[in-house]
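Biologist: Can you walk me through some labels in this model? I'd like to hear the reasoning behind each one.

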Amino acid sequence: MKYVSTRMKPGDRAPRLTFSECLTQGLAPDGGLYVPEALPSFSENDIASFAKLPTLADFSAAVLKPFLAESTLAAHLDSICHEAMNFEVPLRFLSNDPSTAILELFHGPTAAFKDVGARFLASCQAAQSTPSAHSPTTVIVATSGDTGGAVAAAFSGRPGFQVVILYPKGKISARQEKQLTNWGPTVRAFAVHGSFDDCQRLVKSALSDPSLSQKYRFISANSISIGRLLPQMCYHAKASVDFQTKTSHRPTLIVPTGNLGNAVAALWAKRVGFPIGRVVLATNANRTLIDYFENGRYEIRPAIPTLANAMDVSAPSNFERLQHLYPDLHFLKQDVTVVSVTDDEIREVIRADARDCNQTWCPHTATAVVAKRKTQTEHAILCATAHPAKFETIVEPLIGKTIEVPPRLASTLRGESHSQDLPADYAAFVSAL
Ligand SMILES: *Cc1c(COP(=O)(O)O)cnc(C)c1O
């Protein structure tokens, strides 16, 4: 399979890259994002044979085989999947509503779904690089809260890699910040005076700055990296198959959405043939997607801070991939609904569900729960994108009790924190580096 830029025009002779070449490149030279030139199409027989595979890792290796074809990483795919997906991703049906299942994506080391993509990317990068202590590869990442921790956890301790993280100062939870800043000297965290969009802009500038890029041997670990998106496709795919086997219905997927990484992965899984009905994008008070669906205009406004902070995005970095998959808004609307959820609604559903059905949601997952009710969706898979213990300062006062911290999460919260303040300015970033 070859990958092309989202900005390639018909007839262009832009470069066509393999999967592993995309990992090294990050952004396409024209500023676009890499997407598969043509998506494979799996038959019912293919899917039935995938369904027999015992683990998510085996399932993913089978699904991703065509995506890595022609890549130097193809021979490593099986071991990459097993190394990356070494934790449970359970699909749990609700006891009070058996037509709804929760896809628990938070059992990895940093307790958010980002662990799946970050670990897969790290395994790929490690498999294709020769470690060099003199000129390490620098993984650069902007984070709205959870990506940075997942990337740091996935790369720290791997010889030949260092990590640079930019996060919006004061806009993430204390536990999220801990996970960005306590890894020791190979992971440097910068607290940017600005929004997540500012962090993302600085990273994009750094990646497209040839001299800096060469000096630090940058690779991108944001969701613009195809190495994060592809594995995310697999859990949506497997969950849809398992859901259909159990209920004989095609599920609607409800995805808490910020940068559209998880959402595009879900839509790719649908497009290649997995039994996914509609995809509902649950968003917070940031209205870029809502407005686009309403009037076809993509207008960026300053990001608004909300309780679902990992979704505080005004310029979703995968928007170009969404548009590439659905160039026509009319067809996009046939498959996808977008729902906006306020902070009050997030608080209310966290409070009510803890009281009435003994469920504790993180603020992001709560947007999916609200979106399901607003759209009156039956037969749904809700993506639970983070463990509520990561957002205890929001959730605990609402539910009136302490949330137990899972052991893997606890172990990423130890150690001393180090971060460096930074104005939202490219020159300042370069000199701080
Ligand atoms: C990153 C994140 C999201 C948003 O996912 P995107 O792929 O950026 O749309 C939702 N919830 C949590 C907990 C996250 O960390």
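Modeller: Sure. Buried means under 20% relative accessible area, exposed means over 50%, and partly exposed is in between (1.4 Å probe, protein chains only). This is a predicted model, where local features need pLDDT of at least 70, side-chain atom pairs count only at pLDDT 80 or more, and totals for chains, interfaces and linings use all residues. Residues are numbered from 1 along each chain as its sequence is written, and side-chain values use heavy atoms, with hydrogens and water left out.

Biologist: Why is arginine 301 called partly exposed?

Modeller: Its relative accessibility is 44%, and partly exposed sits between the buried and exposed cut-offs, so the label fits arginine 301.

Biologist: And what makes aspartate 291 count as buried?

Modeller: Aspartate 291 has just 8% relative accessibility, so it falls in the buried class.

Biologist: How do you know that aspartate 291 forms a salt bridge with arginine 301?

Modeller: A salt bridge needs a side-chain nitrogen of Lys or Arg within 4 Å of a carboxyl oxygen of Asp or Glu. Here the closest N and O atoms are 2.7 Å apart, so the pair qualifies. Both residues also belong to a salt-bridge network with Arg287 and Glu294.

Biologist: Why does glutamate 299 with arginine 297 count as a salt bridge?

Modeller: Their closest N and O atoms are 3.9 Å apart, so that pair passes too. By this rule, the count comes to 20 salt bridges.

Biologist: What makes arginine 7 and glutamate 320 a salt bridge?

Modeller: Their closest N and O atoms are 2.5 Å apart, so they meet the rule. Arginine 7 and glutamate 320 are 313 residues apart, and the pair links distant parts of the chain.

Technical notes: Helices (H or I, at least four residues) and strands (E, at least two) are DSSP runs, numbered from the N terminus.
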